[in-house]
Amino acid sequence: MKKMIELIKNRSDIGAGTRGSDLGIDAIEIAAINKGSQYFINYPFVDVPTRNSSIYQNDNHPFGKHIQQIYEQCKQVASTVEDSLSAGNFPLVFSGDHSSAMGTISGIKSAYPDKKLGVIWVDAHADIHSPYTTPSGNMHGMPLAAMLNEDNLSCKINEIDQSTQEFWNKLKRIAGPAEKIQPANLIYFGVRDTEEPEDLLIERLGIKNYRVEEIRQRGIGDCVAEALLGLQDCDMIYISFDVDSMDSELISDGTGTPVPKGFMPKEIVLILEEIIRSKKVTCLEIVEVNPLLDNKGNKMAEVAFDILERITPLIELKSGN
């Protein structure tokens, strides 16, 4: 049964180290308008209220900045995603910063608590820090650790306060029990900018990372086929696409943490298309477009929209069958 795409617009950016990704969704819409596309009026949508005004408030969580507001935001995102799936839709989630994934994954698992979820994380960063290991305190670097219920205490460098610990544990348990995903069911594409605690955890958990150079050497088809084989026991797949997975030097700096030597847009399209053809994809999320940092006008948003246009027909044909 084919599902109707529903756009979920989550303009929260308080999990990032720099402001501006809250404008990413509007930048993508402007790219569509300038291209003469009706994309954003062709599908039903939900606007998720944000807590972005909390940046003006004193925050007493240096190793989990704005963690209380991010917890509240992710609860709302989870509820919205769950409602979309329960209504028989395909949630296409547009978020500011990547801390949103805690809400999205929790919402998927709440809608399908008895199904096994696979996660394909297309990103320059591993996003598997915890408050105990983070060098920055920015929560867009922590969503996967929360969803894996992983504190990585063997690499602990921070002493966190009780309030941070309580909200961190609450994030793990949004809309259901902790450990929403298992390490064997998480696969990275393009991760190339990590810190030592992340590297050690990835090695310990045995998480596969398809690096850009490996994919180019072996071919996208072979790598995606192998990844899908690794997720064959999963009933459904969530794709998280961070635009910083693309090459910042050749495309744009219009993202919170740009990294060179990444994918080209055509490679992202092919990767996403191959995954969507598996017919297991339940939800796709696009994050971290930041037009305030774009050194080429609105280039990153334009590239993101071009990718979206290319893959949408396959989502409509293949998803949720």
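## Helix packing and empty space: worked exercises

The axes of helix H9 (residues 220-230) and helix H10 (residues 265-276) come within 10 Å and cross at roughly 40°. The model is predicted: local features need pLDDT of at least 70, side-chain atom pairs count only at pLDDT 80 or more, and totals for chains, interfaces and linings use all residues. Residues are numbered from 1 along each chain as its sequence is written, and side-chain values use heavy atoms, with hydrogens and water left out.

**Exercise 1.** Describe how H9 packs on H10.

*Solution.*
- Handedness: H9 passes H10 in a right-handed crossing.
- Residues: H9 brings Ile220, Val224 and Leu228 to the contact, while H10 brings Glu267, Leu270, Ile271, Glu274 and Ile275. Contact means heavy atoms within 4.5 Å.
- Classes: six of these residues are nonpolar, none polar and two charged. Ala, Val, Leu, Ile, Met, Phe, Trp, Tyr, Cys and Pro count as nonpolar; Asp, Glu, Lys and Arg as charged; the others, Gly among them, as polar.

**Exercise 2.** Find the buried residues of helix H1 (residues 24-34) and say what follows the helix.

*Solution.*
- Buried means under 20% relative accessible area, with a 1.4 Å probe and protein chains only.
- In H1, Gly24, Ile25, Ala27, Ile28, Glu29, Ala31 and Ala32 are buried.
- Gly36 follows H1, and its phi is positive, near 75°.

**Exercise 3.** How many cavities of 30 Å³ or more does the whole structure hold, and what lines them?

*Solution.*
- A cavity is a set of points on a 1 Å grid where a 1.4 Å probe fits but cannot get out; lining residues have an atom within 4 Å of a point.
- The search finds two.
- The largest has a volume of about 40 Å³. Its lining includes Gly24, Ile25 and Ile28. H1 supplies the largest share, three residues. Strand E3 (89-95) and strand E8 (281-287) each give at least two.
- The second largest holds about 30 Å³. Among its lining residues are Ile70, Gln73 and Cys74. Helix H3 (residues 67-86) gives the most, three residues. By class, this lining has two nonpolar, five polar and one charged.

**Exercise 4.** Which residues lie nearest the centre of the largest pocket, and how is its lining divided by class?

*Solution.*
- A pocket is an open set of points with protein on both sides within 12 Å along at least five of seven lines.
- The largest pocket has about 310 Å³ of space.
- Its lining has 22 residues, with His125, Asp127, His140, Gly141 and Thr257 nearest the centre.
- Three lining residues are nonpolar, twelve polar and seven charged.

How values were computed. Points joined across faces, edges and corners; volume = space filled by probe spheres on them. Buried < 20%, exposed > 50% of the residue type's maximum accessible area, 1.4 Å probe, protein only. Helix = DSSP H or I, 4+ residues; strand = E, 2+ residues; numbered from the N terminus. Axes fitted to C-alpha atoms, helices over the stretch in contact; angles between N-to-C directions. Left-handed = near helix turned anticlockwise from the far one by under 90°.
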